[in-house]
Amino acid sequence: MRILAIETSCDDTGIAILEAGNAGNFKVLSNIVSSQTKIHKKYGGVYPAMAKREHQRNLVPVLINALKQAKLLISKSKIQISKQIQNPNFKTIKIILEREPELLKKLIPFLQKYEKPDVDLISVTNGPGLEPCLWVGVNFAKCLSCFWNIPVVPVDHIESHILVNFLENKDIKFPAIALVVSGGHTQIILVKKICKYQILGETRDDAAGECFDKCAKILGLGYPGGPIIAQLTTEARHLHRSPASVKLPRPMISTKDYDFSFSGLKTAVLYAVEKKYGQAPLRSAFSRTSEGRQYIKQMCVEVQQAIIDVLIKKTMKAVRDYKAKTIILGGGVSANSELRKQFARHCEGEARSNLKLIFPKPNLSTDNGLMIAVTGFYHKKNALRYSSGQVANWKEIQADGNLRISK
Ligand code: KG4
Ligand code: ZN
């Protein structure tokens, strides 16, 4: 079957087309992501109203690219175009996209111009994430489903960060412990099997990615902070081998649960920087000196290591407690190469030699449509059918910013 997947939960507009055999053998036909990083950089974080507007602008061009790359974009003939002016589905689409006028403006001409693609299922993220952004994706999926008469399945974004690993790993042994670390979430999840989960622990305040982003902002490094801190850490390690002069706490590292707390880390960075170099204007001047640059790099090394230490300690505890056979990493922070390296070292150090560590390619760690396609495949039985003229169970698909991975 062919799955067309849509991801708009945060600041990336992603559309992918995946061919899936019944045995879970996958062939990627396309995976297009349009990032809004440049727009949100100015604000040092994602600004939801702006992100919603960008998704409205991006979805149709990204869909065209994805279909083109999958060789599924076929123009209609002039006769076909002239016949469809009266198509009643356009009326439904206008109702669905009442709150997304910019998307409507692009979608109608697209649907008029191109044929229904050879796709069997539409899969869309309906949560968790930024609700205004999620709604754009969900409503877009409903429109396509309505116009092309293709069933649509809503999927969980966090589950998708886990299941994207099944694209390239066929023989994953259960139980597995998944660590999902992104800009919005940090969760340790027991994976009993595909579609059967239990959240063991999560952050009580900031997510790990959020901590990277906020610390980077304090250090005047820009957005998103994770990749920048990772880069500066690598440079610092090449330059000097002396231990960093700054020492940050490892919050909750020894508690008996599987929870995290990262907000204290950001505060510790802020206090340390202020104590040494005063308020923001002074800091900015200092950061341009060579001593300042050195200090910032050392701080990056320490921030990254503090986050990695806590993530690994808690995950390994869950692995032992639940006798897990596999560790699955996912989410933007799992793109961090030092995190992967240090996880690998810990796995080798474990007494049980059959413990396997898996993680996605860096471009599949961060948000993308492909992960939504894989999850759509595993949940295809939950797809809702829209029969022309009937509303049926149509309105059941709702965006939910606080969606929790279900058992
Ligand atoms: O999964 P994701 O793309 O979006 C959410 O679902 O939130 O994750 C984005 C987060 C950002 O906080 C970003 O700073 C972080 O992932 N990130 C990284 C790296 N690449 C992205 N954090 C650490 N190291 C990286 N290489
Ligand atoms: Zn994500």
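Is Asp309 buried or partly exposed? Asp309 is partly exposed, and its relative accessible area is 26%. Keep in mind as you go through these close-ups that the model is a predicted one.

**View 1. Arg250 and Asp309 pair up across the chain.** Here Arg250 makes a salt bridge with Asp309, with 3.0 Å between the closest N and O atoms. This pair links distant parts of the chain, 59 residues apart: Arg250 sits in the loop between α9 and α10 (263-277), while Asp309 belongs to helix α12 (residues 290-321). Arg250 counts as buried, at 16% relative accessibility, whereas its partner Asp309 is partly exposed. As a bit of background, side chains of opposite charge can pair when their charged atoms come close.

**View 2. Arg57 and Glu54 meet within one helix.** This time both partners lie in helix α2 (residues 48-69), three residues apart, which is about one turn of the helix. Their salt bridge has its closest N and O atoms 3.4 Å apart. Glu54 is the buried partner, with 9% relative accessibility, and Arg57 is partly exposed at 32%. Look around the pair and you'll find a network of salt bridges that links Arg53, Glu54, Arg57 and Glu102.

**View 3. Glu338 and Lys341 form a salt bridge in helix α13.** The N to O distance between these side chains is 3.6 Å. Glu338 and Lys341 are three residues apart in α13, about one turn of the helix. Glu338 counts as buried, with a relative accessibility of 15%, but Lys341 is partly exposed at 48%. If you're wondering how many salt bridges the structure holds, the count is 21.

**View 4. Three residues hold on to the zinc ion (ligand 2).** The protein donors are His157 and His161, each through NE2, and Asp367 through OD, and they lie 2.0 to 2.2 Å from the zinc ion. Along the sequence, the donor residues follow the spacing H-x3-H-x205-D. His161 lies in helix α7 (residues 157-163) and Asp367 in the loop between α14 (362-365) and α15 (370-378), so this pair ties together parts that are 206 residues apart in sequence. His161 is buried, with a relative accessible area of 0%. Asp367 is buried too, with a value of 13%.

**View 5. Asp12 is a buried acid without a salt bridge.** You'll find Asp12 in strand β2 (residues 12-20). Where is the nearest side chain of opposite charge? It belongs to Lys41, 12 Å away, and Asp12 has no salt bridge even though it is buried. Leaving aside residues up to four places away in sequence, Asp12 touches Glu7, Val33, Ser34, Ser35, Gln36, His55 and Asp367. One of those contacts, Asp367, is also a donor to the zinc ion (ligand 2).

**View 6. The largest pocket draws its lining from several helices.** This pocket has a volume of about 1200 Å³. Its lining has 46 residues, and those nearest the centre are Ser182, Gly183, Gly209, Asp213 and Pro224. Which helix gives the most to this lining? That's α9, with seven residues. Helices α7, α8 (208-218), α9 (225-239) and α13 (337-349) each supply at least two residues of the lining. Two of these names should ring a bell: α7 is where His161 lies, and α13 is home to Glu338 and Lys341.

How values were computed. Residues numbered from 1 in each chain as written. Chains lettered and ligands numbered in written order. Predicted model: local features only at pLDDT ≥ 70, side-chain atom pairs only at ≥ 80, totals over all residues. Heavy atoms only, no water. Donors = N, O, S within 2.8 Å, 3.2 Å for Na, K, Ca; no water. Helix = DSSP H or I, 4+ residues; strand = E, 2+ residues; numbered from the N terminus. Buried < 20%, exposed > 50% of the residue type's maximum accessible area, 1.4 Å probe, protein only. Lys, Arg positive; Asp, Glu negative; His and termini not counted. Salt bridge = Lys/Arg side-chain N within 4 Å of Asp/Glu carboxyl O. Contact = heavy atoms within 4.5 Å. 1 Å grid on protein atoms, 1.4 Å probe; cavity = no way out; pocket = protein on both sides within 12 Å on 5 of 7 lines; lining within 4 Å. Points joined across faces, edges and corners; volume = space filled by probe spheres on them.
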